[in-house]
Structure formats: C-alpha cells, structure tokens
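Subject: Handing over the model

Dear colleague,

I am passing on the structure we spoke about, and it follows just below. Please have it open beside you while you read the notes after it.

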Amino acid sequence: MSTDPRAGEAAAQVEPEILDELLSMRASIDNIDATLVYLLAERFKATQRVGVLKAKHRLPAADPAREKNQISRLKRLADEAQLDPEFAEKFLNFIIEEVIRHHEAISGATTAAPGTSAAETSAAAQSSRTGAGAQASEAPVERG
Ligand SMILES: C=C(O[C@@H]1C=C(C(=O)O)C=C[C@H]1O)C(=O)O
C-alpha cells in the first residue's frame, strides 16, 4: 500500500499502475508549483524596487500603457504556447492589481503625515483610484 501523500483519495480507488502514473504526474505538478512560487517571489521583489523608485520620484502607482503592452505581449506568447490567452490576461491582471495596491501602500507610507497608518493611506489611495469606498489594504508595506 502506498504511503505517498500525493496519492490522496485515488490511493484506495485505482489499480497500482494507474496510481503510479498519477503519482508521477503529481510529482511534476509539485515541481511546477514550487517554480511558480519562486518566480512570483522574484517578480514581486522586482516590482517592490519599482514601487520604491516610483514613490521616491512621485510617479503614479499604475502605468496603464505599460500594462497594455505587457498584456498583449503575454497573450501572444500564451497563444503560441497553447495556453488560453484570456486566462493569461486574467492571471496577469490579478497580479498587476496586487502590485499596484503594494505601490500605493509604499507611496502612502512614504508621503503620509506623521501618525497616519499605511493601511489608512493605502485605503485612501485605493478609493481615489477606483472611486470605491475605502477598504483596508491587506498588503504588507514591505512587499512590491
Ligand atoms: C511594476 C510596475 O507597476 C505597475 C505594475 C505592473 C506589472 O506588475 O507588470 C505594470 C505596470 C504598472 O501598472 C511598472 O510600472 O513597471
């Protein structure tokens, strides 16, 4: 009987050969997911540096022209790689939105009056950007 934690619920339900094949694919998925985490960590390290530079030079948190170029480039690459371009766009927008929240928090923390919390300044920046009511930011200030 397999003790591999990757077997999950299939362990009791399928023939050993099928289980072996499933486990081998799940081992690859584990490696890919770990790589994604490392890649995202590196990307957020880079965007953190961009956020600090923008705050220092009073540049806006978001750059819609850059986003547009990057999204069309990545949709093209996704198409070539047989990945759904609409999914690639949604995924990238999800990340960019988080980066912009971090940039707003950084610039808020940099320019805030003494005694103003980063969460307050980030919420204010977010509501002025989206036109929505203020929401507390979950983004830690030290992240990009
Ligand atoms: C990282 C930047 O800031 C924002 C985030 C972007 C991203 O995560 O790709 C792109 C443009 C900006 O809206 C940048 O301006 O380069």
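To judge the length of a helix, one takes its expected span to be 1.5 Å times one less than its number of residues. Please keep in mind throughout that this is a predicted model.

With that rule in hand, helix α2, which covers residues 64-80 and has 17 residues, should span 24 Å, and because its end C-alpha atoms are 24 Å apart, the expectation and the model agree. Helix α1 (residues 16-56) passes a similar check, since its 41 residues reach 60 Å from the first C-alpha to the last, close to the 60 Å expected.

Turning to the whole protein chain, you will find 4 helices and 0 strands, so that the order from the N terminus on reads α-α-α-α. Of the 144 residues of the chain, 13% count as buried. Among contacts between residues at least 6 apart in sequence, 43% join residues that are at least 24 apart.

How many residues of α2 are buried? The number is 0 out of 17, so this helix lies largely in the open. Helix α1 is hardly covered either, with a count of 1 buried residue among its 41.

Each of these two helices is followed by a residue with a positive phi: after α1 comes R58, with phi near 55°, and after α2 comes Q82, with phi near 60°. Q82 is found in the loop between α2 and α3, and it is exposed because 6 other C-beta atoms lie within 10 Å, where 12 or fewer is the cut-off for that word. The C-alpha atoms of Q82 and S24, which are 58 residues apart along the chain, are separated by 23 Å.

The model also holds a ligand, and the residues around it are T47, V50, A62, D63, R66, E67, Q70, I95, I96, V99, I100 and H103. The elements that give two or more residues to this shell are α1, α2 and α3 (85-111), and α3 gives the most, with 5 residues. By kind, the residues of the shell divide into 6 nonpolar, 3 polar and 3 charged.

Finally, an unreviewed UniProt entry lists residues 16-107 as "domain: Chorismate mutase". In the model, the end C-alpha atoms of that span lie 56 Å apart, and the span is 88% helix and 0% strand.

With best wishes

Note on methods:
Residues are numbered from 1 along each chain as its sequence is written. This is a predicted model: local features need pLDDT of at least 70, side-chain atom pairs count only at pLDDT 80 or more; totals for chains, interfaces and linings use all residues. A residue is buried if 20 or more other C-beta atoms lie within 10 Å of its own, exposed if 12 or fewer, and partly exposed in between; C-beta atoms are placed from the backbone. A residue is near a molecule or strand if its C-beta atom, placed from the backbone, lies within 6 Å of it. Ala, Val, Leu, Ile, Met, Phe, Trp, Tyr, Cys and Pro count as nonpolar, Asp, Glu, Lys and Arg as charged, and the others, Gly among them, as polar. UniProt positions are given in the numbering used here, feature names are shortened, and annotations may be inferred rather than shown by experiment. Two residues are in contact if their C-beta atoms, placed from the backbone, lie within 7 Å.
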